[in-house]
Amino acid sequence: MAYFCAPEAARVTGPAPRGRTQSIHHLPRTPLKLATSGAMIVTALLVLACGNGGSGQPADSATNAALVAQGEQIFRFDTFGDESQWSDTLRMHEVIAAAVDPTTALSVGLKVDAEALPAAVVQGIKNGAIDLKSPDTTIALLKLNAVVGLQGKVETIGGKDTLTRVGVTCALCHSTVDDSFAPGIGKRLDGWANRDLNPGAIIALSPALSASKKAVYNSWGKGKYDPRFNLDGINGPQVIPPAFGLTGIHRITSTGDGEDIAYWNRYVGVTQMGGHGSFSEPRTGVNVTNGTDDLITSKLPALQAYQLSLNAPLPPAGNFDPVAAARGQRVFNGAGTCSTCHSGLEMTDANSRLHPVSDVVSEPEPSGVPSYASRSATKQYRTAPLHGLWQHAPYFHNGSAPTLDAVVQTYNTRRSMGLSDGDMADLVVSHRRIDGEFHRCCS
Ligand code: HEC
Ligand code: HEC
């Protein structure tokens, strides 16, 4: 089997290592104030994806390239009109203006796109002249279109920049940054799950929610979101998955609800983000229409093309010992029987079958929550494609395995496999090597 990348692939430029950050000095500060600059925003809009493995699309397809470029804009900046939910209903613009300074925003895992910041702002953050403890600075960052996954409308009211509407985009949960400027501030990494983000804590800031709903949202924690709670009332948050490495996989989500990404994009866009359009699924009885217009359907092909262009990131050099990884690969295909389900280039049998709950080592759910599969359209699980695994702990749909060691231990115990400690250690090392860059390095 050729689905583990050749060791030399690790030398190919991967994402910038974490930790190359610059400190923010503490000097007297003023809130960041900016003149309106359409040009800056346009510049930000034109910044292309980087550091995530590039495009997996054939270079000869100009039409596809155009579609991918369009999809990138949608993924990063399109709210599909979901301001109706985030502003009109949840009143998040008021919360942000009153209480969310950049330090708070970063602490709940929101990310700042350093490439959208003009030089003067970069300088101001570096030397501490810009006050990161003022909500006005957050508004200025929104005006620059620099907060990943948030779109703010800033209007001048009484001579003051005022946040009048706010909405969210796919990038909120499925992009992070490389921290190259400071923790939480750097270049965008689209498709990477934002495991620092605490969506529940953010939603719970809304003044429009009951205390009991707030308690549920506050219970989720970092990197998790329940994309069904608002429909079935069950509190079972899911790990936010990456949106990369999905080429060739025709079962989308951990329960394989849709055959293509567009199915789920419509689901999330309408039922979770609150975008204008419709989603209907007879298998679960979900039937939601927002608004009288449709701001989603026409965007689905481009959005899907963009996601399919996002390859899983290569493991950083030195992430694994190649000799141990090769041994681990043999366990994966042999004694571990892992490849009976994690098969083929996609590392999953999802295109031919799904698995009943009894096949899955991550059930029962933690804390007595009903099975996530039981809430889905298929009532089953998809064998997880393992692309870019090194990058997105914790593992399994419910995040019940905090590390790769815990994954392997769970399999060994739950399936009474009797693997030796050495085999398990090698399996873990081999997992750090899987990157899913088959088209580039392994075929
Ligand atoms: C509030 C956080 C959040 C937002 C915003 C969000 N997602 Fe997701 N996304 C999730 C979660 C959680 C799941 C896991 C659902 C599951 O497996 O049942 C998921 C699953 C997915 C998957 C399935 C991945 C796989 O392995 O099959 C794709 C693709 C995806 N989202 C794309 C998008 C797109 C495109 C948007 C914008 C239209 C979006 N998401 C907006 C949280 C979010
Ligand atoms: C019977 C089929 C089957 C076998 C055999 C199997 N897996 Fe899995 N694997 C799955 C399914 C289904 C999931 C998704 C479970 C979930 O989301 O909770 C999964 C999830 C995983 C994940 C988590 C991926 C992620 O993104 O969170 C890892 C890692 C993994 N398996 C590794 C292994 C290893 C190592 C073995 C062999 C020891 C193995 N699997 C054997 C079906 C299987």
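Colleague: How do the residues of the shell around ligand 2 divide into nonpolar, polar and charged?
Modeller: Keep in mind that this is a predicted model. Around ligand 2 there are 24 residues. They divide into 13 nonpolar, ten polar and one charged.

Colleague: Nice, and which residues are the closest to ligand 2?
Modeller: The shell there counts 24 residues, and helix 15 (404-414) and helix 16 each supply at least two of them. The closest to the ligand are Cys338, Cys341, Ser362, Tyr395 and His397.

Colleague: Which helix gives the largest share of the shell around ligand 2?
Modeller: Two helices come up here, helix 15 and helix 16, each with at least two residues in the shell. The largest share is three residues, and it comes from helix 15.

Colleague: Let's turn to ligand 1. Which helix gives the most to its shell?
Modeller: That shell has 26 residues, with Cys170, Cys173, Ile252, Thr253 and Ser254 the closest. Two or more residues come from each of helix 8 (171-174), helix 12 (261-272) and helix 13. With five residues, the one that gives the most is helix 12.

Colleague: How many charged residues does the shell around ligand 1 have?
Modeller: Of the residues in this shell, 17 are nonpolar. Another nine are polar. The count of charged residues is therefore what remains of the 26, a residue being nonpolar, charged or polar: no charged residues.

Colleague: Now the interior. Which helix gives the largest share of the largest nonpolar core?
Modeller: This core has 75 residues, and Val112, Leu141, Leu142, Ala146, Val147, Leu150 and Leu163 are those with the most contacts inside it. Its largest share is five residues, from residues 300-308, which form helix 13.

Colleague: And which residues is Leu163 in contact with, leaving aside its neighbours within four places in sequence?
Modeller: Leu163 is among the residues with the most contacts inside the largest core. Beyond those sequence neighbours, its partners are His93, Ile96, Ala97, Ile139, Leu142, Gly152 and Val154.

Colleague: How many residues are in the other core, apart from that one?
Modeller: Tyr395, Val407, Val408 and Val428 are among its members. Tyr395 is also one of the residues closest to ligand 2. The size of this other core is 14 residues.

Colleague: Last one: why do the buried residues of helix 14 line one face, and which helix do they pack against?
Modeller: The buried residues are Ala325, Gly328, Gln329, Val331 and Phe332. Seen down the helix axis they fall within an arc of 160 degrees, so they line one face. Their packing partner is helix 16 (421-433).

Key. Residues are numbered from 1 along each chain as its sequence is written. Chains are lettered from A and ligands numbered from 1 in the order in which they are written. This is a predicted model: local features need pLDDT of at least 70, side-chain atom pairs count only at pLDDT 80 or more; totals for chains, interfaces and linings use all residues. A nonpolar core is a set of buried Ala, Val, Leu, Ile, Met, Phe, Trp, Tyr and Cys residues joined through C-beta atoms within 7 Å. A residue is buried if 20 or more other C-beta atoms lie within 10 Å of its own, exposed if 12 or fewer, and partly exposed in between; C-beta atoms are placed from the backbone. Helices (H or I, at least four residues) and strands (E, at least two) are DSSP runs, numbered from the N terminus. Two residues are in contact if their C-beta atoms, placed from the backbone, lie within 7 Å. A residue is near a molecule or strand if its C-beta atom, placed from the backbone, lies within 6 Å of it. The arc is that of the directions from the helix axis to the C-beta atoms.
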